[in-house]
Amino acid sequence: MYDSGAGNADGFDRLKRCIEKAVGISTNLTITDNSSSLLTITTKDKTLVVRAHKMFLTAPFGVMKEIANIASNKKTKNSVIKKYIKDNADSIKTPPINRKRTVITQGKFHDLREMFDAVNSTYFGGSISCVITWARRSSMGFAKRRRLGAYNSELGIITINPVLDKPLIPRYIVEYIIYHEMLHIGVGVRRGKNKRSVHFREFKELERQFKDYEAVVSFIKGNFDLFH
Ligand SMILES: [Zn+2]
């Protein structure tokens, strides 16, 4: 239920190596699309946990070095990072939507915008900003791939499969699909041993925090015919 992502493997490895070299412990790096929290560095179980906005993937060495300095508690003024963020401010704005793309939030039965706002305030403190729309019935690889939702990080758009716009589909199902796609924005992309990972373990743990998670799983299992 996810398509494109913020992938820049070279930058990812470069940043990870740079930090690990500076701190000398293993680093769990996550790249995010979250513009309200550009860089956080914490430790958990002797592992350094770094969450960085995707702009840092292409940062010059000086910026990466400063991130490594912060991680290893060296004194630093963060001035290089601050300047870099300022220079790259454009990349953290929600991208302008393609004019040709029609955004439809009000379905026949379910209103995506209203649900998005509710999920945003319940689970993300209102921090996620992006466009949401029903997919055109004819469009997308949605039907073929049985995809219920997708997040396009280039366009900053969440698209929801219109098969969900039925009175028999409960509100919590649509909210859950929206929640899943918003998690992609909130937690970002991680890189596994060999490939980019979008549904990593912590992602799945967060999915289970959805308040009706058990009901969602059993509804989808028991009503498969409704989803096409
Ligand atoms: Zn997904």
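At what angle do helix 2 and helix 3 pack, and how far apart are their axes? In this predicted model, helix 2 (residues 61-71) packs against helix 3 (residues 79-87) at an angle of about 130°, and the two axes lie 8 Å apart. Because angles over 145 degrees would count as roughly antiparallel and those from 65 to 115 as roughly perpendicular, helix 2 is classed as oblique to helix 3. The crossing of helix 2 past helix 3 is left-handed. On the side of helix 2, the contact is formed by Gly 62, Val 63, Glu 66 and Ile 67, which meet Val 80, Ile 81 and Tyr 84 of helix 3. Sorted by class, the residues in this contact comprise five nonpolar, one polar and one charged.

The helix pair belongs to a protein chain that contains eight helices and eight strands. Of the 228 residues in the chain, 32% are buried. Among contacts with a separation of 6 or more in the protein chain, 64% are between residues 24 or more positions apart.

One open sheet is built from three strands in the order 1-3-2, and its pairing is mixed. Strand 1 (27-32) and strand 2 (39-44) are the edge strands of this sheet, each pairing on one side only. Averaged over the sheet and with direction ignored, neighbouring strands are turned by 15° against each other. Strand 2 and strand 3 (residues 47-53) run antiparallel and are joined by six bridges; within this arrangement, Ile 41 has Val 50 of strand 3 as its bridge partner.

Another open sheet, likewise with mixed pairing, consists of three strands in the order 4-6-5. Here the edge positions are taken by strand 4 (131-134) and strand 5 (149-152), each of which pairs on one side only. The average turn between neighbouring strands of this sheet, with direction ignored, is 20°. Strand 4 pairs with strand 6 (residues 157-160) in the parallel sense, through four bridges, and Thr 133 is placed opposite Thr 159 of strand 6. A helix is also associated with this sheet: helix 6 (residues 171-187) lies across strand 5 and strand 6, and runs at about 25° to strand 5.

Note on methods: Residues numbered from 1 in each chain as written. Predicted model: local features only at pLDDT ≥ 70, side-chain atom pairs only at ≥ 80, totals over all residues. Helix = DSSP H or I, 4+ residues; strand = E, 2+ residues; numbered from the N terminus. Buried ≥ 20, exposed ≤ 12 C-beta atoms within 10 Å, placed from the backbone. Contact = placed C-beta atoms within 7 Å. Pairing = 2+ DSSP bridges. Axes fitted to C-alpha atoms, helices over the stretch in contact; angles between N-to-C directions. Parallel < 35°, antiparallel > 145°, perpendicular 65-115°, else oblique. Left-handed = near helix turned anticlockwise from the far one by under 90°. Nonpolar A, V, L, I, M, F, W, Y, C, P; charged D, E, K, R; others polar.
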